[in-house]
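These are my notes on the model, set out as numbered points. Please read them beside the structure.

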Amino acid sequence: MKAFLAAIALCVLAIGSEAKVSGSGTTTRYWDCCKPSCSWKENVATSTPVNSCSKDGTTKVDPSVTSGCDSDGTSYVCNNLQPWAVNDTLAYGYVAASFTGGVDNSKCCVCLKLTFTNALAGKTMIVQNVNTGGDLSSNHFDIQIPGGGVGIFTRGCSTQWNAPQSGWGQQYGGVSSDAECSQLPEELQAGCHFRFGWYQNADNPNVNFEQVTCPKELTSRSGCANNNF
Ligand SMILES: *[C@@H]1O[C@H](CO)[C@@H](O)[C@H](O)[C@H]1NC(C)=O
């Protein structure tokens, strides 16, 4: 039975030389201000990695600049990689993803349709994978939501925005009400409000996922598009 469920959970369908992913998975949320790992040229199968930004979150910096989450690093996630609602049932956003458990750069910049299955049933998010994480389990999507908790990397938001050392709100989970979004810099507040609006403050909802062609709404912000995917 377990093997059967595992087979359903990760159905890998070979299309040409690329393998498209689909299955069922879990979510968490975070915003750690760090340069996403798919912003390193070495990690992406394209000449244009995910944009990374200087302290203001809008000025693009060279992909070789060290992450603000490392000592003396000065590059951060760009502000526009926060989620937004298209309408009541569809939203766009960005995630750190792991299909295998652990760091998984092979899927940098692929897009996924996440269909919520328990909380938020009837809603979907189309997301681009911009990051990886050694703290992620299999088929785990960590959705970038400002004020959603900084997680294991505490240096980013404190050096970029002078946030409290363990981030806004709880280190894991972040702020706990829409009103607390006011603690964040103005540039990040829309994405924080998204959590208490469209996202209904859902606490790590489960999803079914399938790989989809990246919509230009996502690639135009991230700067990363790989037509092979
Ligand atoms: C939401 O927007 C998508 C994309 O434009 C569209 O396909 C869908 O029908 C819309 N849903 C509603 C409920 O308006």
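1. Asp-203 is exposed, because its relative accessibility of 58% is over the 50% mark. This is a predicted model, and it holds 1 salt bridge. Asp-203 is one partner in that bridge and Arg-29 is the other, with 3.3 Å between the closest N and O atoms. The two partners are 174 residues apart and link distant parts of the chain: Arg-29 sits in strand 2, while Asp-203 belongs to the loop between helix 3 and strand 10. Arg-29 has a relative accessible area of 14%, so this residue counts as buried. The bridge therefore pairs an exposed acid with a buried base.

2. Asn-201 is found in the loop between helix 3 and strand 10 (207–212). Its phi is positive, about 50 degrees, although the residue is not a glycine. Asn-201 counts as partly exposed because its relative accessibility is 34%.

3. Leu-120 is another non-glycine residue with a positive phi, here about 65 degrees. The residue is placed in the loop between strand 7 (111–116) and strand 8. With 7% relative accessibility, Leu-120 is buried. Which residues does Leu-120 touch, not counting those up to four places away in sequence? They are Trp-198, Tyr-199, Gln-200, Ala-202 and Pro-205. As for His-140, it is 20 residues from Leu-120 in sequence, and the two C-alpha atoms are 17 Å apart in space.

4. On the record side, an unreviewed UniProt entry carries the annotation "domain: Glycosyl hydrolases family 45 active site" for residues 27–38. In the model this stretch is 33% strand and 0% helix, and its end C-alpha atoms lie 19 Å apart. The UniProt annotation "active site", also from an unreviewed entry, covers Asp-32.

5. Is Asp-32 buried or exposed? Asp-32 is buried, because its relative accessibility is 7%, and the cut-off for buried is under 20%. The residue lies in the loop that runs between strand 2 (18–30) and strand 3 (52–53). Once neighbours within four places in sequence are left aside, Asp-32 is in contact with Cys-69, Val-150, Phe-153, Gly-156 and Cys-157.

6. Tyr-76 belongs to strand 4. Its C-alpha atom is separated by 9.0 Å from that of Asp-32, and the two residues are 44 apart along the chain. Tyr-76 is buried, because its relative accessibility is 3%. Leaving aside neighbours within four places in sequence, the contacts of Tyr-76 include Cys-33, Cys-34 and Lys-35. Other contacts of Tyr-76 include Ser-52, Cys-53, Ser-54 and Lys-55, as well as Gly-156, Thr-159 and Gln-160. Gly-156 is thus a contact of Tyr-76 and also of Asp-32.

7. Phe-153, a contact of Asp-32, also helps to make a nonpolar surface patch of about 320 Å² together with Ile-152 and Tyr-172. Tyr-172 is located in the loop between helix 2 (155–161) and helix 3 (189–196). Tyr-172 counts as exposed because its relative accessibility is 53%.

8. The largest nonpolar core has 27 residues. Which of them touch the most other members? They are Trp-31, Cys-33, Val-50, Cys-109, Cys-157 and Trp-168. Strand 4 (76–77), strand 6 (90–98), strand 8 (124–131) and helix 2 are the elements that give two or more residues to this core. A second, separate core of 20 residues includes Val-21, Leu-120, Trp-198 and Tyr-199. Of these, Trp-198 and Tyr-199 are among the residues touched by Leu-120.

9. Val-50, one of the members of the largest core named above, touches Pro-36, Cys-38, Ser-39 and Leu-81, among others, not counting residues up to four places away in sequence. Its contacts also include Cys-109, Val-130, Ser-222 and Cys-224. Cys-109 is itself on the list of core residues that touch the most other members.

Key:
Residues numbered from 1 in each chain as written. Predicted model: local features only at pLDDT ≥ 70, side-chain atom pairs only at ≥ 80, totals over all residues. Heavy atoms only, no water. UniProt positions renumbered as here; feature names shortened; annotations may be inferred. Helix = DSSP H or I, 4+ residues; strand = E, 2+ residues; numbered from the N terminus. Buried < 20%, exposed > 50% of the residue type's maximum accessible area, 1.4 Å probe, protein only. Contact = heavy atoms within 4.5 Å. Patch = residues over 30% accessible without salt bridge, like charges linked within 9 Å, V, L, I, M, F, W, Y side chains within 5 Å. Areas by Shrake-Rupley, 256 points an atom, 1.4 Å probe, with all protein chains shown as cover. Salt bridge = Lys/Arg side-chain N within 4 Å of Asp/Glu carboxyl O. Core = buried A, V, L, I, M, F, W, Y, C linked by side-chain atoms within 4.5 Å.
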